[in-house]
Amino acid sequence: MSNGRRTESKLPDVGTTIFTVMSRRAIEQGAVNVGQGFPDYPIDPALADCVAEAMAGGFNQYAPMEGNVRLRGSIAAGIRASGGREVDAETEITVSCGGTESIYSAIQAVVGPGEEAIVFDPAYDAYDPAIRLAGGRCIHIPLAAPDFRYDWDRVRASMSERTRLIIINNPHNPACTVATAGDLDELARVVVERGARDRPITVLADEVYEHVLYDGRRHQSVMNHPVLKEHSFAVYSFGKTLHITGWRVGYCVAPAELTRELRKVHQFNAFSIAAPLQEGIRLYLERQPQASRDVGAFFSAKRDLLRAGLADSGLVMPPAQGSYFQLADFGQLPDFSDCSDVEFTERLINEARVAVIPLSPFYREAPANMRIVRLCVAKRDETLTLAAERITAYTNGIGRGRTT
Ligand SMILES: Cc1ncc(COP(=O)(O)O)c(C=O)c1O
């Protein structure tokens, strides 16, 4: 019953995310869920044992605000071991509530009222609301079709003296692309050109899929770029790397000056992150140092399984370079030629009982003829096989079969 109160919303247009909606619908419909990006397979029991050990060992009270000291040390050691730059664990690493909280805190730290932040569409949904809650304006620039590449001239043209932040996501969700060394050089040029004339511009690099790279690619991090490393927050997620999205543990690497500002927000936002989880992760990284390095091969086998399963579906699948998703274009299926991506998703869940994610919610203004959906490969092999079988049976029965 309404009490007559009308709360003025700070985010009137924001509803429940498409990921939550599709997961809920998947349960209602008894559908196979290859939509939302979370693993449906068990975690490594050794990781759970590490957390139990941490709890038994007394890691049950507030962790340090910046993060478990030894965990930050092992993060810095991991960066060094993979050929990255020397990071000062004390002043440059902050453990956060998932990558999401690092993103939020970084945005609040640098964007002020009336200032602008640039994001590239399709964009992960956490950026725009956080910018607006900071009082800022979010400038959406589309990645250029058909390969979702950066248009750096358009970036330059979209900048103003109010621009404070540029957010990139690499490897990219949902485009499944990776930024090139040339992209980072261009970004560095943009940052330096502007910074020389106006107030400095900061980069927020969402690198939560840093280890999920396919076909021999190497991750190009802002953290290791000679110029960008001085101007960037780089955000990571143990959720993605260790298959524990529900634990909500991530971290941010940034130069001391930026880290100081990020922590001012973090300490009044999350304050500190679950102590036994941090210590458990630390123990696990010490005992299984290869764990994060294995994820590329692990997900690439799953990507290949899904692609092979969908080979006869009539869906066109651009090669995924990274992130744990695969895009599928249904534009070639005659019976779906009038469908939007949202309608196609609805039909798949209702009629084929498979949940996927449409691409248009990742845009402020989606292209009119959007015919692409996103599938998550971080699923058991049986889940991927079943999803592919159901989709293939459906598109052949409804789409292609009837027309041939
Ligand atoms: C591009 C991107 N950034 C950030 C996140 C959030 O990471 P976390 O679950 O660690 O908060 C996700 C999660 O799906 C993501 O896809």
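User: Which residues form one aromatic cluster in this structure?

Analyst: In this predicted model, Y41, Y209, F298, F299, Y324 and F325 form one aromatic cluster. The structure as a whole holds 18 aromatic pairs.

User: What makes Y62 and F271 an aromatic pair, and of which kind is the pair?

Analyst: A pair of aromatic rings is described by the distance of the centres and the angle of the planes. For Y62 and F271 the centres are 5.5 Å apart and the planes stand at 80 degrees; pairing asks for centres within 6.5 Å and edge-to-face for planes over 60 degrees apart, so both conditions are met and the pair is called edge-to-face.

User: Why can the pair of Y62 and F271 be said to tie together parts of the chain?

Analyst: Y62 lies in the loop between α2 (45-56) and α3 (69-81), while F271 lies in the loop between α10 (256-266) and α11 (275-287), so the pair ties together parts that are 209 residues apart in sequence.

User: How do you know whether Y62 and F271 are buried, partly exposed or exposed?

Analyst: Y62 has a relative accessible area of 75%, and because exposed means over 50%, Y62 is called exposed. F271 has 33% relative accessibility, which falls between the 20% below which a residue is buried and the 50% above which it is exposed, so F271 counts as partly exposed.

User: Why is the pair of Y209 and F325 given its name, and what does the pair tie together?

Analyst: The ring centres of Y209 and F325 lie 5.9 Å apart, within the 6.5 Å needed for a pair, and their planes are at 80 degrees, over the limit of 60, so this pair is edge-to-face. Y209 is in the loop between β6 (202-206) and β7 (232-237), whereas F325 is in strand β9 (residues 325-329), so the pair ties together parts that are 116 residues apart in sequence. Both Y209 and F325 are buried.

User: What makes R303 and K379 count as charges over a ring?

Analyst: The distance asked for is within 6 Å of the ring centre, together with a position within 35 degrees of the ring normal. R303 lies over the face of Y214 at 4.6 Å from the ring centre, and the charged end of K379 sits over the ring of F38, 3.8 Å from its centre. Both distances are therefore within the 6 Å limit.

User: How do you know that the ligand has polar contacts with the protein, and which residues make them?

Analyst: A polar contact requires N or O atoms within 3.5 Å of each other. An oxygen atom of the ligand is 2.7 Å from a polar backbone atom of G99, an oxygen atom of the ligand is 2.6 Å from an N or O atom in the side chain of T100, and a polar side-chain atom of Y209 lies 2.7 Å from a ligand oxygen. Each of these distances is within 3.5 Å, so each counts as a polar contact. The ligand taken alone exposes 390 Å², of which the protein buries 93%.

User: What surrounds the ligand, and which helix gives the largest share of the shell?

Analyst: The ligand is surrounded by 13 residues, and the closest are T100, D206, Y209, S237 and K240. Helix α5 (residues 98-110) contributes the largest share of the shell, 4 residues. By class, the shell has 4 nonpolar, 6 polar and 3 charged residues.

User: Why is N170 called buried or exposed, and what does its side chain contact?

Analyst: N170, found in the loop between β5 (163-169) and α8 (181-197), has a relative accessible area of 3%, and because buried means under 20%, N170 is called buried. A polar atom of its side chain lies 3.0 Å from the backbone oxygen of Q220, which is within the 3.5 Å limit and therefore counts as a polar contact.

User: What is unusual to look for in the loop between β5 and α8, where P174 and C176 are found?

Analyst: P174 is in this loop, and the peptide bond from N173 to P174 is cis, with omega near 15 degrees. C176 is placed in the loop as well, and its phi is near 65 degrees, a positive value in a residue other than glycine. With a relative accessible area of 1%, under the 20% limit, C176 is therefore buried.

Key. Residues numbered from 1 in each chain as written. Predicted model: local features only at pLDDT ≥ 70, side-chain atom pairs only at ≥ 80, totals over all residues. Heavy atoms only, no water. Near = heavy atom within 4 Å. Polar contact = N/O pair within 3.5 Å; in protein donor to acceptor, adjacent residues only side chain to side chain. Areas by Shrake-Rupley, 256 points an atom, 1.4 Å probe, with all protein chains shown as cover. Helix = DSSP H or I, 4+ residues; strand = E, 2+ residues; numbered from the N terminus. Nonpolar A, V, L, I, M, F, W, Y, C, P; charged D, E, K, R; others polar. Phe/Tyr/Trp six-rings, centres within 6.5 Å; stacked < 30°, edge-to-face > 60°. Buried < 20%, exposed > 50% of the residue type's maximum accessible area, 1.4 Å probe, protein only.
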